[in-house]
Amino acid sequence: MQKMVAGNGLLFPIFGFASCVAFIYMSFGDFILTNHQEHRELSFVERNGTQFMVDGRAFYINGWNSYWLMDHSVDEDRKPRVSAMLEAGAKMGLTVCRTWAFNDGGYNALQVSPGRFDERVLRALDHVIAEARQHGIRLLLSLVNNLKAYGGKTQYVNWAWEEGIGLSSSNDSFFFDPSIKRYFKHYVKTLLTRENTITGIEYRNDPTIFAWELMNEPRCMSDPSGDTLQDWIEEMSAFVKTIDKNHLLTVGLEGFYGPKNPKRLAVNPESWASSLGSDFVRNSKAPAIDFASVHIYPDHWFPHQEFEDKLKYVSKWMLSHIEDGHYELNKPVFFTEFGLSNLNKDFQPSQRDRFYKTIFDIIYKSSKRKRAGAGALIWQLFVEGMDEFNDDFGIVPWERESTYRILTDQSCRLARIHGISPQNKYLKELCLQRQ
């Protein structure tokens with residue numbers, strides 16, 4: 001999301017004993033992982049037209065964002081939060097978590113400078129993937145940020161500028177400067193070919209990874225025609241596929257329509273959305289892109305609108321993109337971020353429940369009709385004690401019983417349509433309780 005900073009409750013007694021969790025994990029973590037890996041064999045997620053598929057079965061997704069997993073895995077005292085969050089997600093029947101696989105420059109940097117990596121942080125990412133595998137959670141891994149948080153394209157541009165080889169000090173030179181594109185390709189190749197020190201599996205061969213995301217919320221405002229960003233998407237997506245043909249790939253778009261799609265401009269929040277250099281349909285049509293992504297932030301887009309009007313817009317926004325997935329793209333449309341700010345002047349926690357329910361109902365109907373609306377990931381989930389990492393959208397889901405119920409009900413009703421994988425014991429147990 002464009003505004004960014006940078007847990008444990010009564011429903012899960014284990015979370016109330018954070019120090020105990022930490023002790024158990026540090027004492028027996030590797031032993032537990034070794035003994036559970038055999039029970040967490042996953043298949044690669046594939047695509048058949050507008051649907052995700054797993055083992056020949058349609059796969060509609062209820063999941064979440066926790067951008068902070070790698071960062072927390074670097075430090076031993078914060079590491080137990082990662083296991084706690086992934087276990088909590090699994091117990092809620094959630095199946096995919098989106099998280100950052102980048103940190104460029106700065107504190108706990110994965111990439112310290114172009115081509116130089118901190119093995120300690122790479123091992124932290126190994127840990128995230130291994131823990132996700134243990135809990136049967138798949139990961140959507142984002143490769144770079146459009147924003148300055150955790151380095152982003154600004155850091156790449158600064159590196160080139162500092163070395164005296166940058167063509168421009170503009171952040172958008174990330175998309176067209178040959179030196180910067182080489183930096184990024186080297187980073188991508190290093191990551192995709194890395195062998196996990198815990199599982200022994202190269203990232204490109206690990207089905208725990210659901211998909212790669214080229215960039216979080218790419219924008220190239222210096223070229224509102226969209227040509228610069230389109231060229232970058234086509235080049236980088238093709239490059240990823242030369243290294244990794246196992247995994248799905250998405251751009252990481254917010255979903256705004258660009259000037260080459262005049263029929264859809266009225267669906268944009270306002271006129272500014274068409275001048276960001278991105279274009280949902282055009283960008284998502286790139287041959288090596290397997291599915292489209294969309295974000296949903298009505299209170300950022302319409303800060304003065306009444307809540308009921310925001311809900312109506314959310315439905316219009318989602319249905320437009322699902323229709324595009326079906327008729328224009330023939331690809332799944334995945335709503336990879338959605339959130340409602342608690343800073344709104346009229347905010348009530350019950351509004352979040354209605355907002356979530358509106359989104360989940362549209363995904364559920366899409367699933368029943370085998371349409372392109374392939375799933376949604378809430379922004380964002382935490383365990384307790386993480387206020388410094390939160391923004392105005394994040395929640396600890398079990399702190400509010402009605403919210404927890406809405407999230408878990410969605411997991412079960414999606415599962416009832418397409419069945420539950422035999423490997424997903426958490427989802428099976430959860431939905432048996434709900435019958």
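Two strands pair if DSSP finds at least two bridges between them. In this predicted model, that criterion applies to strand 13 and two other strands, as set out below.

**Strand 13**

Strand 13 covers residues 373-379, and 7 of its 7 residues are buried, so the strand is largely enclosed by the rest of the structure. The cut-off behind this statement is a relative accessible area under 20%. The pairings of strand 13 are listed here.

| Partner strand | Residues | Sense | Bridges to strand 13 | Residue opposite Ile-378 |
|---|---|---|---|---|
| Strand 4 | 61-65 | parallel | 5 bridges | Trp-64 |
| Strand 12 | 333-338 | parallel | 4 bridges | Phe-338 |

Ile-378 is thus a shared point of the two pairings: Trp-64 has Ile-378 as its bridge partner in strand 13, and Phe-338 stands opposite Ile-378. Strand 12 is also linked to strand 13 through helix 11 (residues 349-368), and the three elements make a right-handed β-α-β unit.

**Thr-250**

Thr-250 belongs to strand 10, which spans residues 248-250. Is Thr-250 buried or exposed? Its relative accessible area is 0%, so Thr-250 is buried, given that buried means under 20%.

What does the side chain of Thr-250 have at 2.7 Å from one of its polar atoms? The backbone oxygen of Phe-291 lies at that distance. Phe-291 is also among the residues that Thr-250 touches, when residues up to four places away in sequence are not counted. The other residues touched are Trp-212, Glu-213, Leu-214, Ile-289, Ala-292 and Ser-293.

Methods: Residues are numbered from 1 along each chain as its sequence is written. This is a predicted model: local features need pLDDT of at least 70, side-chain atom pairs count only at pLDDT 80 or more; totals for chains, interfaces and linings use all residues. Side-chain values use heavy atoms; hydrogens and water are left out. Buried means under 20% relative accessible area, exposed over 50%, partly exposed in between (1.4 Å probe, protein chains only). A crossover is right-handed if, with the strands pointing away from the viewer, the path from the first strand over the helix to the second runs clockwise. A polar contact is a pair of N or O atoms within 3.5 Å; within protein, one must be able to donate a hydrogen and the other to accept it, and residues adjacent in sequence count only if both atoms are side-chain atoms. Contact means heavy atoms within 4.5 Å.
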